[in-house]
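Trainee: I would like a close look at one loop residue with an unusual backbone angle, and then at how the parts around it and beyond it are put together. Please take me through it as one connected account.

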Amino acid sequence: MIKTDILIIGAGPTGLFAVFEAGLLQLKCHLIDALPQAGGQCSEIYPKKPIYDIPGFPEVLAGDLVNNLMEQIKAFQPGFTLGERANTIEKLEDGTFLVTTNKGTRHNAPIVAIAGGLGSFEPRKPLIDRIKDYEDKGVAYFIKDPEVYRNKKVLIAGGGDSALDWSIFLADVASEVTLVHRRNEFRGALDSVEKVQSLKNLGKINLITPAEVVGLKGSGKLEAVVINKTGDEDEEITKEIDYFIPLFGLSPKLGPIADWGLEIEKNAIKVDTFDYQTNIPGIYAIGDVNTYPGKLKLILCGFHEATLMCQSAYQRIFPDKKYVMKYTTVGGVSGFDGSKKEAPKAVVKSID
Amino acid sequence: MAKKNISGMSDVKIKIKDRDGVVHEVDAPTDMNMNLMEIVRSYELAPEGTIGICGGMAMCASCQCYIESDHQLPGMSDDEDAMLAEAFHVKDNSRLGCQIHITEDLEGLEVELAPES
């Protein structure tokens, strides 16, 4: 079981900055995120987009902001449980919380800070008849272990980066890779598009465009898909395959957190603006996931909320300790890794 | 007659059919640099968290709508076009609400919100 002081659910910018503020108070953090990498929406949806309202940064790419935050919190050695979704929460007899993920990883902490943004990202599933019946029986929305596809016939649908990148990768693994997209144009990094073009020319990727998978066939497991190829006259193609991987992006869902007994309003968790605590003492909600009168879903507001949350968490953990906030310009930053950052001492030296 | 707002520009009337089929006629300001997705959110015609997820960058399609009146709208950017190519429930008259800026030309516009996906 993973034990920590503050268990943060959601590794977006707000959750990451909470690690820093907690670290200044000598509190340790562990983060859980459903995505395989830290950064939340900044990494998943718009890493290449510039943000203009981070104080002190006239312009910063969302991806760079995440990299900077990771650098800023490194000395506080946060733990990460990535690619897993926080599923259940339980209050133990000693007053601490036990949070278990969908993969059964258990986390124990006296404080839980939900920094879940709009929720955990779930794959967007195409509207194809009976697709649910074939999930895990030939239909997959994520590629977890590419070896599963070795020497198999794989069909990928989608027109974005993940569809392109996985088609390229699997071209060397699968016996046959087919890429189906509704348009002739793809939306992805230029070199990915060019690579798919050259693999198509080499006959290593079958490209079927503009087309759409409209039906699934097979008894017990997927055996073939029906593809509708649009053109002057629509053409229906039945193609035998082993795996169908639709990659149409991810959409956030509040998910299991909605059932934790927290007060929810407008798909967000209600908090007290004194310390961003929820209706359950010891559980806080910070960043885009919370709501209160006047709430603005801005990264800079999430940073503020994370800061006040940590002060309140400290008081809850150490009710008898007297503490005053210390400026980093005065106290420096002492990492859990033994590192120490502080302002250089002024030189006192006479001038002749 | 469209009502003049404080800066002398007109609000426009827009009819929006929500995801439950209810039609709302709303005033949309032309001087606030707003788009159709933001109008829908400001009148709370779709629950928060189900529309405008990416904030208006044409990167999520949660604000997809169908244009039901015969207004001539400015063309689609490559980003909007590509996003709609990956969205679900797409029809010939689909647009992303976040890419439709509210201007005086939109007086009388009628749209329907696409289902949540």
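Trainee: In which loop of chain A does Asn267(A) lie?

Mentor: Asn267(A) lies in the loop between strand S20 (264–265) and strand S21 (268–270) of chain A, where helices (H or I, at least four residues) and strands (E, at least two) are DSSP runs numbered from the N terminus. Residues are numbered from 1 along each chain as its sequence is written, while chains are lettered from A and ligands numbered from 1 in the order in which they are written. The model is predicted, so that local features need pLDDT (the predictor's confidence in each residue, from 0 to 100) of at least 70 and side-chain atom pairs count only at pLDDT 80 or more, whereas totals for chains, interfaces and linings use all residues.

What draws attention to Asn267(A) is a positive phi of about 60°, although the residue is not a glycine. Asn267(A) counts as partly exposed because it has 17 C-beta neighbours inside 10 Å; on this scale a residue is buried with 20 or more other C-beta atoms within 10 Å of its own, exposed with 12 or fewer, and partly exposed in between, the C-beta atoms being placed from the backbone. A useful companion is Asp136(A), another residue that is not a glycine but has a positive phi, here of about 65°. Asp136(A) is placed in the loop between strand S11 (120–123) and strand S12 (153–157) of chain A, and with 7 C-beta neighbours inside 10 Å it counts as exposed. A further backbone detail belongs to the peptide bond from Thr209(A) to Pro210(A), which is cis with omega near -20°; Pro210(A) is found in the loop between strand S14 (205–208) and strand S15 (211–217) of chain A.

These loops belong to a chain with 7 helices and 25 strands, whose C-alpha atoms fill a box of roughly 85 × 65 × 40 Å along the principal axes. Of the 352 residues in chain A, 38% are buried. Among contacts (pairs whose C-beta atoms, placed from the backbone, lie within 7 Å) with a separation of 6 or more in chain A, 60% join residues 24 or more positions apart.

For the interior, consider helix H1 (residues 13–24) of chain A. At 1.5 Å a residue its 12 residues should span 16 Å (the expected span being 1.5 Å times one less than the number of residues), and its end C-alpha atoms are 17 Å apart, which agrees. Because 12 of the 12 residues of H1(A) are buried, the helix is largely enclosed by the rest of the structure. Those residues, including Phe17(A), Phe20(A) and Glu21(A), pack against strand S2 (6–9), strand S3 (29–33), helix H2 (41–44), helix H3 (62–73), strand S10 (111–114) and helix H6 (299–317) of chain A. Just after H1(A), Gln26(A) also takes a positive phi, of about 65°.

The largest nonpolar core (buried Ala, Val, Leu, Ile, Met, Phe, Trp, Tyr and Cys residues joined through C-beta atoms within 7 Å) has 51 residues, and those with the most contacts inside it are Ile6(A), Ala18(A), Val112(A), Ala113(A) and Ile114(A). Leaving aside residues up to four places away in sequence, Ile114(A) touches Ile9(A), Gly10(A), Ile257(A), Ile269(A), Ile283(A), Tyr284(A), Ala285(A) and Val289(A). Another core, of 33 residues, lies apart from it and has Ile53(B), Ala61(B), Ala87(B) and Val111(B) among its members.

Elsewhere in chain A, 4 strands form an open sheet of mixed pairing in the order S1-S9-S8-S7, two strands being paired if DSSP finds at least two bridges between them. Strand S1 (2–3) and strand S7 (86–91) of chain A stand at the edges with a single partner strand each, so one side of each is left without a neighbour in the sheet. S7(A) is joined to S8(A) in the antiparallel sense by 5 bridges, with Glu90(A) opposite Leu98(A), and in their hairpin, which has 5 residues between the strands, Gly95(A) takes a positive phi near 90°. Strand S8 (residues 97–101) and strand S9 (residues 106–109) of chain A are likewise antiparallel, over 4 bridges, and Val99(A) has His107(A) as its bridge partner.

Finally, 22 residues of chain A are in contact with 13 residues of chain B, and the model scores ipTM 0.77 and pTM 0.83.

Technical notes
Contact = placed C-beta atoms within 7 Å.
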